[in-house]
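Visitor: Got a minute to walk me through a model? I'd like the basics.

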Amino acid sequence: LWYTSLSDNKELIEVVTAAQIIYDGTKVVVGANKANRRYLAGLDSETGKVDWMWSDLLGLRTNPTYLDPISISEDQYHVYQNKLMFTFSSSTYCIDLDKGATFWKHRVDLNRFDVCTGLGNMFINSGRADNSQLGEELYVGQLLGDPIEKPIVRPVYDRTEYDPGSFQYGYIERELPFVAGKDTMIAVLFIDPTKTGSLYQTAMGLYNYTQKRWVYERAILNGPSRFSNITWAKLYNGRIYHTSGRSMHCHDVLTGEEIWSVPFSQGFALSGFTIADGKIFTTNSDRYTYCLDPNTGRQIWKEESSGSSSPISYLNGVLYFLGGGDGKLHAIDASTGQHLWRLKSPDEAKDSGAFFYGVCVAVPGSGSGKGRIVAMTGLGAYGYEAIR
């Protein structure tokens, strides 16, 4: 339907965002290159028009003249009342999506990974103070109000044995907030300090933020292993689903009890998974896309596809994603696993590196109209009519 160039000098765009951020019904957030600098851009999925571009970045604590090379992925942002909040290293940003302008920004004296989320006006991230000899703790701030994040609680890490030559501090991989009755709860998925032999152990705690107490402190997700980590996690129907190295797991969020675990031959890399229409959809580095039953982990179908991929977008019974193994825009019928699209990037005619990569967003249509698929290449963005 349309094409928009997002590189002003024909240099390839880096992955500024792989997050599927939709606002004002038809607008999406994409990445852009301007004078070899990373920008976020607000793009209208109906027309391809760029409404704004933003690059109001802070410098690194260790080198203030070097600006943050921002990169936003799924599980690394929170949107509330058209305010987009995300973190990068020691910086925390909030952008007014209506104006494409900085709402607020600040730097914190924390060592942390770029993982954050939120619930309503509250945003949640994690980190470890410079002078702390302990692991990361949860921090909370307000998008509209006091934005300076304050520490609230630290997970109960297992420090009985750790490898002194490796990572000695536990760290938080995901925070998943939800409301139970009148209480705000936060499921905290974390990794213990590295054990001897470079072995990693993961656990989950459930914190009642309203009552300021742990419902339970530790439920083991994975025992010590070289492949024990937490790459993606989602909350769905009272259960936590997460990928860990070469496996996917399901746990009861209120008890921490494991319900099922499914092994895969390869890992999930940046692909992750999505849950839609009562099913789990994921792409794996074994070059297949899978559909699983969320209640049992049973495989419903699998389809040869691309290996790794961008995060999967779902719209009206169709899965859309950008293939990491082939650089194509894929569309798969969610019911049958049948491929509907394998589109090559038209920009490859201009530059062999300008295949499809970065973010793919399926934007619902209005009324009975078809939606729009926005797919990034190394040089710009393409807008396609959705299949349904």
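Guide: Terms first: helices (H or I, at least four residues) and strands (E, at least two) are DSSP runs, numbered from the N terminus. This is a predicted model: local features need pLDDT of at least 70, side-chain atom pairs count only at pLDDT 80 or more, and totals for chains, interfaces and linings use all residues. Residues are numbered from 1 along each chain as its sequence is written, and side-chain values use heavy atoms, with hydrogens and water left out.

Visitor: So how many helices and strands in the protein?
Guide: 0 helices and 33 strands.

Visitor: What radius of gyration does the protein have?
Guide: 21 Å, taken over C-alpha atoms. A compact globule of 388 residues would be near 21 Å, so the two agree. The rule is 2.2 Å times the number of residues to the power 0.38.

Visitor: And the span along the principal axes?
Guide: The C-alpha trace covers about 55 × 50 × 45 Å.

Visitor: What share of the residues is buried?
Guide: 58% of the 388. Buried means under 20% relative accessible area (1.4 Å probe, protein chains only).

Visitor: Switching to cysteines. How many disulfides?
Guide: 0. A disulfide is a pair of cysteine sulfur atoms within 2.5 Å.

Visitor: Why is Cys-116 not bonded to Cys-94?
Guide: The Cys-94 sulfur is the closest cysteine sulfur, but at 11 Å it is too far for a bond. Cys-116 is buried, at 1% relative accessible area.

Visitor: Which cysteine sulfur is nearest to Cys-291?
Guide: That of Cys-250, 15 Å away. Cys-291 is in no disulfide. Cys-291 is buried too, at 0%.

Methods:
Buried means under 20% relative accessible area, exposed over 50%, partly exposed in between (1.4 Å probe, protein chains only).
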